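Colleague: Please choose one part of this model and go through it closely, together with what lies around it. Define the terms as you go, since I am new to them.

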Amino acid sequence: MRTLAAAALCAALLAGCGGGGGDGGTAVAHVEDETITQEQLEALVAHFRREFQLEGRSFPKDGTRPFEQTRNELLRLLVYRVELKQAASRLGVEADANEIGKRLAASPGGEQEGNPGGDTFARDSVEAQLLTEGIFTKVTRGVTGATPAETSARRNRKMSAFLARLRRETKVRYEPGYAPGS
């Protein structure tokens with residue numbers, strides 16, 4: 001009976017911290033209440049491994065320190081995109097699916113034949129760009145300057161301050177061994 005109770009407690013704890021992966025895999029990071037899974041990270045690593053190969057460059061070997069550093073930086077990209085989506089949602093900014101399609105169609109190599117996951121990476125990149133543009137428009141609305149150059153500089157400072165605050169205030173928790181810099 002004690003063993004069953006202990007097992008139930010462990011299962012509850014794992015479910016509460018994102019372990020056990022009822023959402024598609026083992027958690028590697030949490031951004032507020034959203035989980036980034038190992039499956040998502042592995043897909044991104046595989047994408048960049050293919051890109052390196054296509055460019056004739058060598059990708060760091062699994063298990064090496066350079067691989068872990070690269071993997072953790074790619075995880076940081078996933079975290080940033082979730083932060084961006086959450087901020088966009090709070091501001092009422094959405095990426096229009098038709099605009100995503102138009103930009104993908106217009107970008108050379110944006111959708112690569114025979115590259116599973118390539119479409120996902122390209123789509124996610126375009127979505128992040130559209131969200132950034134929408135956030136920029138919202139955050140910098142009403143910012144002016146004496147000259148167009150001054151207006152641009154003020155808008156850029158306002159957006160930079162917004163992004164710095166976003167990173168500072170968003171609760172991000174990495175699972176052991178996955179934090180950038182670890």
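**The largest pocket and its surroundings**

Modeller: The protein has six helices and three strands. Both kinds of element are DSSP runs numbered from the N terminus, with helices (H or I) of at least four residues and strands (E) of at least two. Read from the N terminus, their order is α-β-β-α-α-α-α-α-β. This is a predicted model, in which local features need pLDDT of at least 70 and side-chain atom pairs count only at pLDDT 80 or more, while totals for chains, interfaces and linings use all residues. Residues are numbered from 1 along each chain as its sequence is written, and side-chain values use heavy atoms, with hydrogens and water left out.

The part I choose is the largest pocket. Rolling a probe the size of a water molecule over the atoms shows where empty space is left. On a 1 Å grid over the protein atoms alone, a pocket is an open set of points where a 1.4 Å probe fits, with protein on both sides within 12 Å along at least five of seven lines. The volume of the largest pocket is about 460 Å³; a volume here is the space filled by probe spheres set on the points, which are joined across faces, edges and corners.

The lining consists of 21 residues, a lining residue being one with an atom within 4 Å of a point. Gln40, Leu78, Arg81, Thr120 and Asp124 are the ones nearest the centre of the pocket. Four elements each supply at least two lining residues: strand S2 (34-37), helix H2 (38-54), helix H3 (65-91) and helix H5 (118-139). Sorted by class, the lining holds nine nonpolar, five polar and seven charged residues. Ala, Val, Leu, Ile, Met, Phe, Trp, Tyr, Cys and Pro count as nonpolar, Asp, Glu, Lys and Arg as charged, and the others, Gly among them, as polar.

Consider Arg81, which sits in helix H3. Arg81 is buried and has no salt bridge. Buried means under 20% relative accessible area, exposed means over 50%, and partly exposed is in between (1.4 Å probe, protein chains only). A salt bridge is a side-chain nitrogen of Lys or Arg within 4 Å of a carboxyl oxygen of Asp or Glu. For Arg81, the nearest side chain of opposite charge is that of Asp124, 4.5 Å away; Lys and Arg count as positive and Asp and Glu as negative, while His and the chain ends are not counted. The side chain of Arg81 does make a polar contact of 2.7 Å with the side chain of Ser125. Such a contact is a pair of N or O atoms within 3.5 Å; within protein, one must be able to donate a hydrogen and the other to accept it, and residues adjacent in sequence count only if both atoms are side-chain atoms.

Asp124 belongs to a network of salt bridges that also links Lys85, Arg123 and Glu127. Arg123 is in helix H5 and counts as partly exposed, because its relative accessibility is 34%. Its C-alpha is 9.1 Å from that of Arg103, although the two are 20 residues apart in sequence.

Arg103 has a salt bridge of its own, with Glu133 (2.9 Å, N to O). Glu133 lies in helix H5 and Arg103 in helix H4 (residues 97-106), so this pair ties together parts that are 30 residues apart in sequence. Glu133 is partly exposed because its relative accessible area is 31%, and Arg103 is partly exposed because its value is 28%.

Back to residues of similar numbering to Arg81: Arg76 and Glu83 form a salt bridge, with their closest N and O atoms 3.4 Å apart. Both of these residues are buried. Glu83 also has a neighbour that is distant along the chain: its C-alpha is 7.7 Å from that of Arg167, 84 residues away in sequence. Arg167 lies in helix H6, which spans residues 148-169. Arg167 is partly exposed because its relative accessibility is 44%.

For the whole picture, twelve salt bridges are found in the structure, and buried residues make up 32% of the 182 residues.
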